[in-house]
Amino acid sequence: MANYNSRINYNEGLRGNGANYNSSNVFLVEVQDVGTAEELISIAASMVVSDSGIATDSAADVIQYTTDKYLVVTTEGRLEPLGVIVLSDSRKDLMPETRDYSEEIPGRHGEIDFGTEFKARIIELHVATDDGLSPREKEQLKRKIAMYLNPLAGKKKLVFLDDPEVEYEVKYVGRIDPTNYPTWLEFTIPFKMHNPIISAANEKTQTGSGIITNEGTFETGLVIEIAGAVTNPTVVIGSDTLKYTGNISAGQTLVIDTEKMTAKIGSTNVLMNYNGVFPKLPPGSLNVTAGSNVTIRWKDKYI
């Protein structure tokens with residue numbers, strides 16, 4: 001094989017010891033086969049990723065960023081898995097725009113206020129490619145971007161690793177109009193958050209009685225799981241009492257979602273047996289009175 005070259009490029013996390021250490025939670029592996037001779041053996045590659053630090057992780061859970069669900073802006077300013085450089089983003093907005101409902105009434109001063117809602121939030125990423133791209137590589141990159149941003153594939157979670165505690169549920173909207181330089185591209189990617197409320201990346205849980213806390217700035221829904229066997233279970237959250245009339249057999253779990261306002265055992269709707277409201281957890285803390293078979297899950301929310 002007079003002209004053959006295979007290589008593996010990798011980025012590995014920082015390693016350290018002691019009470020505090022940092023490890024990168026995004027690993028990018030590139031395997032290239034650029035041989036021009038007859039190949040006798042195909043490439044076989046394997047990768048093992050482990051977190052062997054003995055200190056306490058600052059995040060409650062390890063988050064796996066998969067390309068089918070996540071877009072990640074690294075601390076180095078790369079949008080992965082697209083590999084483009086993020087020049088700027090529009091997270092500077094303090095809160096979403098509002099939609100106000102009011103009515104003027106003749107003979108009365110001012111207006112009657114009928115409430116305010118948040119509009120959808122727009123997030124734009126101004127990006128550029130690396131220099132040195134050939135015309136063919138630019139066209140290949142365009143197809144790759146279209147594949148990962150395809151809005152018909154559903155929403156993705158956008159995460160900025162300079163603020164990894166929160167995630168933005170986004171969908172590509174509008175149009176990308178790239179500026180085509182001889183060996184690189186520059187363009188703006190428009191995203192929309194149809195639900196403008198920002199969610200924490202990590203889920204919190206409480207089993208049995210205790211205190212649940214929303215450290216965010218906006219109310220959040222709760223998922224309450226009651227495992228059987230139990231008859232007529234009751235859960236008290238703050239000043240609200242949640243009651244279920246009926247039997248939950250061993251091996252079954254009643255799931256009450258206060259955001260979606262549903263009550264199910266498996267895929268079966270049992271809302272007709274549920275009595276009570278669907279409480280939200282406001283910023284701050286609430287007391288919970290529940291049995292040891294009850295688990296409450298939630299994510300902090302932010303404006």
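# Salt bridges, strands and helix α1

Trainee: How many salt bridges does the count come to?
Mentor: Side chains of opposite charge can pair when their charged atoms come close. The rule asks for a side-chain nitrogen of Lys or Arg within 4 Å of a carboxyl oxygen of Asp or Glu. By this rule the count is 10.

Trainee: What pLDDT must side-chain atom pairs have to count in this predicted model?
Mentor: Residues are numbered from 1 along each chain as its sequence is written, and side-chain values use heavy atoms, with hydrogens and water left out. The model is predicted, so to be read with its cut-offs: totals for chains, interfaces and linings use all residues, local features need pLDDT of at least 70, and side-chain atom pairs count only at pLDDT 80 or more.

Trainee: How many residues apart are Asp130 and Arg78?
Mentor: Their side chains meet in a salt bridge, 2.9 Å from N to O. Helices (H or I, at least four residues) and strands (E, at least two) are DSSP runs, numbered from the N terminus. Asp130 is in the loop between β8 (121-128) and α1 (135-149), Arg78 in strand β4 (78-80), and the two are 52 residues apart.

Trainee: Is Asp130 buried, partly exposed or exposed?
Mentor: Buried means under 20% relative accessible area, exposed over 50%, and partly exposed in between, with a 1.4 Å probe and protein chains only. Its partner Arg78 is partly exposed at 25%. Asp130, at 34%, is likewise partly exposed.

Trainee: Which residue forms a salt bridge with Glu139?
Mentor: The closest N and O atoms of that pair are 3.2 Å apart. The two residues are three apart in helix α1, so about one helical turn separates them. Glu139 is partly exposed at 37%. Its partner, partly exposed at 32%, is Lys142.

Trainee: How many residues apart in sequence are the parts tied together by Glu167 and Lys299?
Mentor: The side chains of Glu167 and Lys299 meet in a salt bridge, 3.4 Å from N to O. Glu167 lies in strand β10 (166-172) and Lys299 in the loop between β26 (294-298) and β27 (301-302), so the parts tied together are 132 residues apart.

Trainee: Is Glu167 buried or exposed?
Mentor: Lys157, Glu167 and Lys299 are linked in a network of salt bridges. Lys299 is partly exposed, at 21%. Glu167 has a relative accessibility of 4%, so Glu167 counts as buried.

Trainee: Which residues of strand β3 are buried on the side away from Tyr70 and Val72?
Mentor: In a regular strand the side chains alternate between the two faces of the sheet. Strand β3 (70-73) is covered on both faces. Tyr70 and Val72 are buried on one side; on the other are Leu71 and Val73.

Trainee: Which residue in β9 is the bridge partner of Leu71?
Mentor: Strands count as paired if DSSP finds at least two bridges between them. Strands β3 and β9 (156-160) run parallel and are joined by four bridges. Leu71 has as its partner in β9 Leu158.

Trainee: What is the phi of Gly77?
Mentor: β3 and β4 pair in the antiparallel sense over two bridges, and Val73 has Leu79 in β4 as its bridge partner. The two strands form a hairpin with four residues between them. Gly77 sits in the turn, with a positive phi of about 85°.

Trainee: How far apart are the end C-alpha atoms of α1?
Mentor: The expected span of a helix is 1.5 Å times one less than its number of residues. For the 15 residues of α1 that gives 21 Å. The model agrees, as the end C-alpha atoms are 21 Å apart.

Trainee: What arc do the buried residues of α1 cover?
Mentor: The buried residues of α1 are Lys138, Leu141, Ile145, Tyr148 and Leu149. They are on the same side of α1, because the arc around the axis, taken from the directions from the helix axis to the C-beta atoms, is only 90°.

Trainee: Which strands at the edges of the six-stranded open sheet have a single partner strand?
Mentor: The strand order is β14-β26-β16-β21-β22-β23, with antiparallel pairing. Each edge strand has one side without a neighbour in the sheet, so look to the ends of the order: β14 (204-207) and β23 (268-269).
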